[in-house]
Amino acid sequence: MTLLPKDPHGCPYLQLAPMEGVGDSSFRKAMASIGGFDEAVRDFLRVPRQAHIESLARQYTPHEIAPIPLAAQLMGSECDLMAAMAREMEKKGAPRIDLNCGCPSNTVTGKGAGSSLLKEPAFLHEVAQSIVQAVSIPVTLKMRSGFDDTSLFKENLLAAQESGIRYLTLHPRTKADGYGPPAKWDLIAEAKALLTIPVVGNGDILTVADALQMVAHTGCDALMIGRGSIINPFIFHQIKAHYAGVPYVPKWDDLMRYFQVYQDSVPEEIPDKTRVNKLKQLMGFFFKGNEALLAMRQTILTSQYADPSAFMQFALPYLEKGLTFFSRE
Ligand SMILES: Cc1cc2nc3c(=O)[nH]c(=O)nc-3n(C[C@H](O)[C@H](O)[C@H](O)COP(=O)(O)O)c2cc1C
């Protein structure tokens, strides 16, 4: 059975990308309250040397957004520990384990994990294989196109495939690129031509047109969307509706639920000031993606509220003024 089934209208399998920090549990729950995507990947669980597997594993809740599956992503390079962690994830009910070969953070790459694995295809193969051999659930890998450059791109793709992973997600920027230059979708097409396992296309999908263009240009098997979903939480529904040939108008009530679920899901111990900052971060992305709201973005971001409800009361009229195209029925 395919792991990345298309919907009945031919819409590719849609995944919500892992986004450490911004895309935390509250965000995933808020997104799940709107729906539209088929699966999400949790942000990475770092598996450091001397990791205490059981306590680390507590950070992962496989049924967090049930019935939508939530894959666990691991980042590390100690084969034995990665295998042990993967077994623990499987025991907890993870539907899939994803190996992070993309994180650019220096604290991470310093220890040889994340995008550092792209410097040595043979080592990437070893780490991926240790996970594949440890569990019976599907193992996948998410990678950038290289560390400093793309000179090892093909070697890394083949090393990943030969490790026994089921599919690969490609964010076609090098570690050195960070998030600066546009994602090089040509590289996704190259990966598709080279590999026999499925390839998930990722990077810079902000609109339905981008999603269609990504599929047409690369032939990728599925789509993963990160920042585009913070900017426009309805993007998955819009893509699905396009394939179904039906119009989709986002509902005001859904947007309100999205913000409410987000607020309600922030853990109790988080202080109010931090809650407001989290809401501002989320709103900041949202305002950026809506032309009608762009001019008001600074007003929202520089507002001084210590209480999350007061901040929402303040922000709501701006949303109402800008989002006239939302359905109020
Ligand atoms: C704030 C942030 C945190 C991220 N954290 C992760 C992560 O934990 N694991 C991972 O594989 N990718 C991570 N990424 C990369 C995204 O999953 C994705 O590959 C990248 O943002 C490109 O896709 P997009 O243009 O749709 O956002 C992160 C990206 C951002 C912006």
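Biologist: What lies 2.9 Å from a nitrogen atom of the ligand?

Modeller: A backbone N or O atom of Glu20. The model is predicted, with local features needing pLDDT of at least 70 and side-chain atom pairs pLDDT 80 or more, while totals for chains, interfaces and linings use all residues. Residues are numbered from 1 along each chain as its sequence is written, and side-chain values use heavy atoms, without hydrogens and water.

Biologist: Why is the approach of Asp204 to the ligand called a polar contact?

Modeller: A polar backbone atom of Asp204 is 2.7 Å from an oxygen atom of the ligand, and a polar contact is a pair of N or O atoms within 3.5 Å, so the pair qualifies. Pro18 also places a polar backbone atom 2.8 Å from a ligand oxygen. The protein buries 88% of the 610 Å² that the ligand exposes when taken alone (Shrake-Rupley method, 1.4 Å probe).

Biologist: How do you know that the span of helix 12 is close to the expected one?

Modeller: Helix 12, residues 272-288, is a DSSP run of H or I with at least four residues. The expected span is 1.5 Å times one less than its number of residues, here 17, which means 24 Å. Helix 12 reaches 24 Å from its first C-alpha to its last.

Biologist: What do the buried residues of helix 12 pack against?

Modeller: Their partners include helix 1 (25-34), helix 11 (252-265) and helix 15 (308-322), with contact meaning heavy atoms within 4.5 Å. Among the residues called buried (under 20% relative accessible area, 1.4 Å probe, protein chains only) are Val276, Leu279 and Phe286.

Definitions and conventions: Helix = DSSP H or I, 4+ residues; strand = E, 2+ residues; numbered from the N terminus. Buried < 20%, exposed > 50% of the residue type's maximum accessible area, 1.4 Å probe, protein only. Polar contact = N/O pair within 3.5 Å; in protein donor to acceptor, adjacent residues only side chain to side chain.
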